[in-house]
Amino acid sequence: MLVSAKDMLNKARDGKYAVGQFNINNLEWTKSVLLTAEELKSPVILGVSEGAGKYMCGYKTVVGMVKGMLEELNITVPVALHLDHGSYEGAKQCIEAGFSSVMFDGSHYPIAENIEKTTELVKICNEKGLSIEAEVGSIGGEEDGVVGMGECADPNECKQIADLGVTMLAAGIGNIHGKYPDNWAGLSFDTLAAVKEKTGDMPLVLHGGTGIPEDMIKKAISLGVAKINVNTECQLSFADATRKYIEAGKDLEGKGFDPRKLLAPGAEAIKATVKEKMELFGSVGKA
């Protein structure tokens, strides 16, 4: 069954490791992440952006697919189904559809409006036993139309949002979505340390996990990051493996394309990427 992310993140915070959130885009993607988590005995969070939710026919379809896989694949590790960078209305829709966790990204609103909307969603999630993530200081880059400049969060504003009772907090510390440019200045650990000081035991979230050097990942975990999001790296590995398969002509056997054979290399590439990240984050064997 799907679970709230609260317990897994509290354990990660106390154990100085991070739970990976891997965004899903289709059946093969989801299956690969779940099978890898089960193999490694790692808790896992399945992230779904609003764009991916629409692509997969809607949030109820996503919930049905994931719940079916948990049963059919005999998944025993903790799994949370989480809305990523959700709007106010999108968060409400996912709650109604059966997600076990949601993110409300109010970072683009004035802090007063972010607080107002987050407060209402916290109340709903508490009533239903769901976990909720909030954001302060937008994450750089673009993901499904959500654009951020990558500014660092104000630690005092982070405390204001954390005090509302959210489960986890994403604070901008110079991280971005997508590939990091060559002139990227790196993560602002001074900002992260200041946010940690203001928010206490609040599990912190690092978005844009693709391309951040290993030493920075480990230092972020030591400073309170308990959840790390990975999307771009999975997209790139899936696309590259599928492209190579097509270029090799292996999918052409006089009968046209077999979609199961075509997507199999991409699915295996996802498994390898997820395994690498789970090992780096330290979540292996923590289920």
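This is a short talk through one protein structure, from its barrel to a few single residues.

Morning, everyone. A word of caution first: this is a predicted model.

Let's start with the barrel. It is closed and has 8 strands. The order is β1-β2-β3-β4-β5-β8-β9-β10, and the pairing is parallel. From one strand to the next, the twist averages 25°. For anyone new to this, strands of a sheet pair through backbone hydrogen bonds, either parallel or antiparallel.

Now pick out strand β8, residues 168-171. Which way do its residues point? Met168 and Ala170 point one way, while Leu169 and Ala171 point the other way. Buried or exposed? All four of these are buried.

β8 has a partner on each side. Take β5 first, residues 131-136. β5 and β8 are parallel and share 4 bridges. Val136, for example, has Ala171 of β8 as its bridge partner. Then comes β9, residues 204-206. β8 and β9 also pair in the parallel sense, over 2 bridges. There, Ala170 is partnered by Val205 of β9.

Keep going round. β9 and β10 run parallel and are joined by 3 bridges. Look for Leu206: it stands opposite Ile228 in β10.

How does the chain get from β8 to β9? The two strands form a β-α-β unit with helix α8, and the unit is right-handed. α8 lies across β8, β9 and β10. Against β9, α8 runs at about 155°. Another helix to find is α11, residues 259-281. It lies across β1, β2 and β10, and runs at about 155° to β1.

Next, helix against helix. Two packed helices are described by the angle between their axes and the distance between the axes. Our pair is α7, residues 155-162, and α8, residues 189-199. The angle is about 40°, and the axes are 8 Å apart. The crossing of α7 past α8 is right-handed. Which residues make the contact? From α7, they are Pro155, Asn156, Cys158, Lys159 and Ala162. From α8, they are Ala194, Val195, Lys198 and Thr199. By type, that contact has 5 nonpolar, 2 polar and 2 charged residues.

Over to helix α5, residues 88-97. Its buried residues include Tyr88, Gly90, Ala91, Cys94, Ile95 and Ala97. What covers them? The cover includes helices α3, α4 and α6, plus strands β3 and β4. Just after α5 comes Gly98. Its phi is positive, near 110°.

Since α4 came up, here is one of its residues, Met65. α4 covers residues 59-72. Setting aside residues up to four places away in sequence, Met65 touches Asn26, Leu27, Thr30 and Met56. Now try Gly106, 41 residues from Met65 along the chain. Their C-alpha atoms are separated by 28 Å.

Last stop: Asn229, back in the barrel, in strand β10. β10 spans residues 225-230. Why do we call Asn229 buried? The cut-off is under 20% relative accessible area. Asn229 has 6%, so it counts as buried. What is it in contact with, leaving aside neighbours within four places in sequence? Val205, Leu206, His207, Gly208, Gly209 and Thr210 are among its contacts. Gln21 and Asp84 are in contact with Asn229 as well.

To finish, find β8 on the screen, then follow α8 to β9, since these three make the right-handed unit. Thanks for listening.

Conventions
Residues are numbered from 1 along each chain as its sequence is written. This is a predicted model: local features need pLDDT of at least 70, side-chain atom pairs count only at pLDDT 80 or more; totals for chains, interfaces and linings use all residues. Side-chain values use heavy atoms; hydrogens and water are left out. Axes are lines fitted to C-alpha atoms, for helices over the stretch in contact, and angles run from 0 to 180 degrees between N-to-C directions. A crossing is left-handed if the near helix is turned anticlockwise from the far one by less than a right angle, and right-handed if clockwise. Contact means heavy atoms within 4.5 Å. Ala, Val, Leu, Ile, Met, Phe, Trp, Tyr, Cys and Pro count as nonpolar, Asp, Glu, Lys and Arg as charged, and the others, Gly among them, as polar. Buried means under 20% relative accessible area, exposed over 50%, partly exposed in between (1.4 Å probe, protein chains only). Two strands pair if DSSP finds at least two bridges between them. A crossover is right-handed if, with the strands pointing away from the viewer, the path from the first strand over the helix to the second runs clockwise.
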